[in-house]
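Here's a quick briefing to read with the model open next to you. Have a look at the chain, then work through the notes below.

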Amino acid sequence: MAQAAQEAGKANEAEKAEAQAVDSTGCGNGQDPNEKQECTGQNHHLISKVVWYALEQHSMLRGKYIYRDPKFVARAKDLKSHCGYQNWHRDLDEAIRAWLQEHPEAGAKEFEAFLRELYARPELNARFPNGF
């Protein structure tokens, strides 16, 4: 039992050290922030069914995007960062849907700028360090 607790403590220390070595760009210290990180997780489609349906209800954006649009895909850092349709993904889709409802006059440029700003936030940048 004591050995298992000791090993768990070492693993926790290693995780903390790794987290400290990652800067705000999602790259390890010493890496060029413009260099793309090798991501091994699932592809994440920004235009999910929920988002696409909201776009189709939007007076200015109807017909401009397709469901699972290949131009709007982000590769997750790893499987832990994106695996299926998790709660964070549902919350994100809801936030995008709400933004579309709150901005009925927004055009494609405004919508895409909103997506870029959203995916640049620390919590999403950690999941998708290379953006979309």
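His58 counts as buried because its relative accessibility is 4%, and buried here means under 20%. Keep in mind that this is a predicted model. His58 sits in the loop between helix 2 and strand 2 (73–75), so let's begin there and work outwards from that loop.

**Around His58**

- The His58 side chain reaches over to the backbone nitrogen of Met60, at 3.2 Å.
- Leaving aside residues up to four places away in sequence, His58 touches Leu100, His103, Pro104, Glu105 and Ala106.
- Leu100 has contacts of its own: with the same kind of neighbours left out, it touches Val51, Ala54, Leu55, His58, Leu61 and Phe111.

**Helix 2 and its two faces**

- Which residues of helix 2 are buried? In this helix, which covers residues 49–57, they are Val51, Ala54 and Leu55.
- These three span an arc of only 100° around the axis, which means that they lie on the same side of helix 2.
- Lys49 and Tyr53 are exposed, and they sit on the face of helix 2 turned away from its buried side.
- The buried residues of helix 2 pack against helix 3 (87–102) and helix 4 (108–120).
- Lys49 also lies over the face of Tyr67, 5.6 Å from the ring centre.

**The nonpolar core**

- The largest nonpolar core has 23 residues, and those touching the most other members are Leu55, Ile96, Leu100 and Phe111.
- Helix 2, helix 3 and helix 4 are the elements that give two or more residues to this core.
- Two of those names have come up already: Leu55 is one of the buried residues of helix 2, and Leu100 is one of the residues that His58 touches.

**Aromatic rings**

- How many aromatic pairs are there? The count comes to six.
- Tyr65 and Phe72 make an edge-to-face pair, with 5.6 Å from centre to centre and 65° between the planes.
- Both partners are buried, Tyr65 as well as Phe72.
- Trp99 and Phe111 form a tilted pair, because their ring centres are 6.1 Å apart and their planes are at 40°.
- That pair links distant parts of the chain, with Trp99 in helix 3 and Phe111 in helix 4, 12 residues apart.
- Are Trp99 and Phe111 buried or exposed? Trp99 counts as buried because its relative accessibility is 13%, and Phe111 counts as buried because its value is 0%.
- Tyr65, Phe72, Trp99, Phe111 and Phe114 come together in one aromatic cluster.

**The whole chain**

- The protein chain has five helices and two strands.
- Going along the sequence, you'll meet them in the pattern α-β-α-β-α-α-α.
- Of the 132 residues in the protein chain, 30% are buried.
- Take the contacts between residues at least 6 apart in sequence: 67% of these join residues at least 24 apart.

Notes: Residues numbered from 1 in each chain as written. Predicted model: local features only at pLDDT ≥ 70, side-chain atom pairs only at ≥ 80, totals over all residues. Heavy atoms only, no water. Buried < 20%, exposed > 50% of the residue type's maximum accessible area, 1.4 Å probe, protein only. Helix = DSSP H or I, 4+ residues; strand = E, 2+ residues; numbered from the N terminus. Arc of directions from axis to C-beta. Contact = heavy atoms within 4.5 Å. Polar contact = N/O pair within 3.5 Å; in protein donor to acceptor, adjacent residues only side chain to side chain. Core = buried A, V, L, I, M, F, W, Y, C linked by side-chain atoms within 4.5 Å. Phe/Tyr/Trp six-rings, centres within 6.5 Å; stacked < 30°, edge-to-face > 60°. Lys NZ or Arg CZ within 6 Å of the ring centre and 35° of its normal.
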